[in-house]
Amino acid sequence: EKAGFDHFMLKEINEQPKAYRDTMRGRISEDGRSVALPELKITAEQLKGINRVHIVACGTALHAGLVGKNVIESLVRIPVETDVASEYRYRSPIITPDTLVIVVSQSGETADTLAALREAQRCGARVLAITNVVGSSVAREADDVIITLAGPEIAVASTKAYSSQLIAFFLFGLYWAQVVGKQDEAAVSHVLSAMQALPEQVEKILAQAEVLKEVAESISHHSSLFFIGRGVDYAVAMEGSLKLKEISYIHSEAYAAGELKHGTLALIEEGTPVIALLTQEELYEKMLSNIKETKARGADVLGIVNEGHESEIAKSVDRYFSIPRTLPLLTPALSVIPLQLISYYASLALGHDVDKPRNLAKSVTVE
Ligand code: M6R
């Protein structure tokens with residue numbers, strides 16, 4: 001049932017091209033110029049009336065939500081707040097009639113997420129759920145549901161569910177922008193064609209998986225490391241850090257690269273591994289100076305860059321891994337893959353139970 005893979009996690013990492021295709025299938029018009037989400041009950045009129053969004057989830061699903069915030073804010077230009085479900089449900093959130101609450105949950109059974117959904121509805125909000133399980137509690141109780149078609153995810157560490165949630169956010173953001181006229185047809189079809197290239201681009205990354213084994217093995221000798229990035233790269237850094245902690249038990253922190261010098265830089269010493277994401281071209285130079293700050297303290301840096309930057313980045317980092325080019329907003333769907341693989345190989349190198357890490361359950365149905 002692991003289809004020839006050693007672990008469910010590795011199988012599920014490799015299923016991402018299919019998960020992307022399945023999640024997009026039937027939701028992009030034949031001519032590739034518009035998004036169709038007939039499952040949504042919310043009307044164009046109602047979407048026009050939404051002026052703020054709260055994205056609420058736990059763990060990896062929350063990290064997908066952080067990318068979702070960037071997607072909605074840049075495509076629809078509506079302010080989005082993201083919150084941890086266990087905080088949201090108790091902080092008497094400010095919900096107005098023009099608030100849309102989006103809950104994200106692979107299982108659709110996470111207790112805190114479900115409670116946040118109920119609290120939002122109690123306060124009068126309309127709730128849209130992004131979930132992988134048809135018929136789950138979250139899917140049943142939400143007003144609108146977008147199902148990710150990642151297929152069953154068995155490994156405790158979420159991989160294909162997260163990346164399919166990103167696809168769902170891209171689709172929903174485009175759909176919304178399209179129905180309220182925030183993006184014209186040319187802009188929508190430009191993003192859609194880039195999205196349709198993602199599955200093959202993931203395949204390209206997966207074909208280089210072995211390269212990351214060596215990086216993971218060197219990391220596995222350390223007790224702490226940092227993931228740094230800016231913009232959506234920072235959101236992906238958080239996911240990379242959680243994944244690594246969860247299955248390798250190595251401490252790591254994700255940092256907004258520009259924030260390092262406000263304290264955390266003190267922790268960088270000779271040999272500290274730093275994984276730096278530089279997929280946002282506009283922020284590339286800024287990232288290079290942040291990398292320099294860590295190198296000056298002896299950091300051992302792995303840079304994740306877009307194709308074409310190889311010879312240039314080689315001068316600034318100890319190692320690099322390049323990913324195919326896509327639109328800046330879509331990069332998380334690619335840049336997360338090497339991070340998943342690094343966690344997988346690090347856990348393997350340390351001899352841990354990759355699919356069933358200590359202290360954790362696949363579905364957290366208690367508070
Ligand atoms: O089923 P959910 O998406 O609601 O689960 C939320 C988190 O418990 C989950 O994403 C957790 O963080 C993963 N094990 C991380 O890999």
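How much space lies in the largest cavity? I looked this up before anything else, keeping in mind that the model is predicted.

**Entry: cavity**

I read about 50 Å³ for the space in the largest cavity. My search of the whole structure, with a floor of 30 Å³, returned 1 cavity. I then listed the residues that line the largest cavity: Val215, Ser218, Ile219, Pro273, Val274, Ile275, Asp300, Leu302 and Arg319. By class I noted 6 nonpolar, 1 polar and 2 charged residues in that lining. Three elements, α10 (211-219), β8 (273-278) and β9 (300-306), supply at least two lining residues each.

**Entry: ligand shell**

Next I turned to the ligand. Which residues are closest to the ligand? I found Ser105, Gln106, Ser107, Thr110 and Glu246 at the head of a shell of 14 residues. Sorted by class, the shell around the ligand holds 5 nonpolar, 7 polar and 2 charged residues.

**Entry: polar contacts of the ligand**

I looked up three N or O pairs. A polar side-chain atom of glutamate 246 is 2.6 Å from a ligand nitrogen. For glutamine 106, a polar backbone atom lies 2.6 Å from an oxygen atom of the ligand. Threonine 60 also brings a polar backbone atom, here at 3.2 Å from a ligand oxygen. I then checked how far the ligand is covered: taken alone it exposes 410 Å², and the protein buries 90% of that.

**Entry: where the ligand sits**

Which pocket corresponds to the space taken by the ligand? I matched that space to the largest pocket. As for the shell around the ligand, the elements that give two or more residues to it are α4 (59-76) and α11 (232-248).

**Entry: largest pocket**

I noted a volume of about 540 Å³ for the largest pocket. Its lining has 23 residues, and those nearest the centre are Cys58, Gly59, Thr60, Lys362 and Val364. Two or more lining residues come from each of α4, β3 (99-105), α6 (111-122) and α11. Which element gives the most to this lining? I found that α4 does, with 3 residues. The class count for the lining of the largest pocket is 9 nonpolar, 10 polar and 4 charged residues. Thr60 thus appears twice in my notes, once through its backbone contact with the ligand and once among the residues nearest the pocket centre.

**Entry: second largest pocket**

I put the volume of the second largest pocket at about 150 Å³. The residues lining the second largest pocket are His222, Ser223, Ser224, Phe226, Leu267, Glu269, Glu270, Gly271, Thr272 and Pro273. By class I recorded 3 nonpolar, 5 polar and 2 charged residues there. Pro273 is on this list, and I had already entered Pro273 in the lining of the largest cavity.

Definitions and conventions: Residues are numbered from 1 along each chain as its sequence is written. This is a predicted model: local features need pLDDT of at least 70, side-chain atom pairs count only at pLDDT 80 or more; totals for chains, interfaces and linings use all residues. Side-chain values use heavy atoms; hydrogens and water are left out. A residue is near a molecule or strand if one of its heavy atoms lies within 4 Å of it. A polar contact is a pair of N or O atoms within 3.5 Å; within protein, one must be able to donate a hydrogen and the other to accept it, and residues adjacent in sequence count only if both atoms are side-chain atoms. Accessible areas come from the Shrake-Rupley method with a 1.4 Å probe; for residues, only the protein chains shown count as cover. On a 1 Å grid over the protein atoms alone, a cavity is a set of points where a 1.4 Å probe fits but cannot get out, and a pocket is an open set with protein on both sides within 12 Å along at least five of seven lines; lining residues have an atom within 4 Å of a point. A molecule sits in a cavity or pocket if more than half of its atoms lie within 2 Å of its grid points. Helices (H or I, at least four residues) and strands (E, at least two) are DSSP runs, numbered from the N terminus. Ala, Val, Leu, Ile, Met, Phe, Trp, Tyr, Cys and Pro count as nonpolar, Asp, Glu, Lys and Arg as charged, and the others, Gly among them, as polar. Grid points are joined across faces, edges and corners, and a volume is the space filled by probe spheres set on the points.
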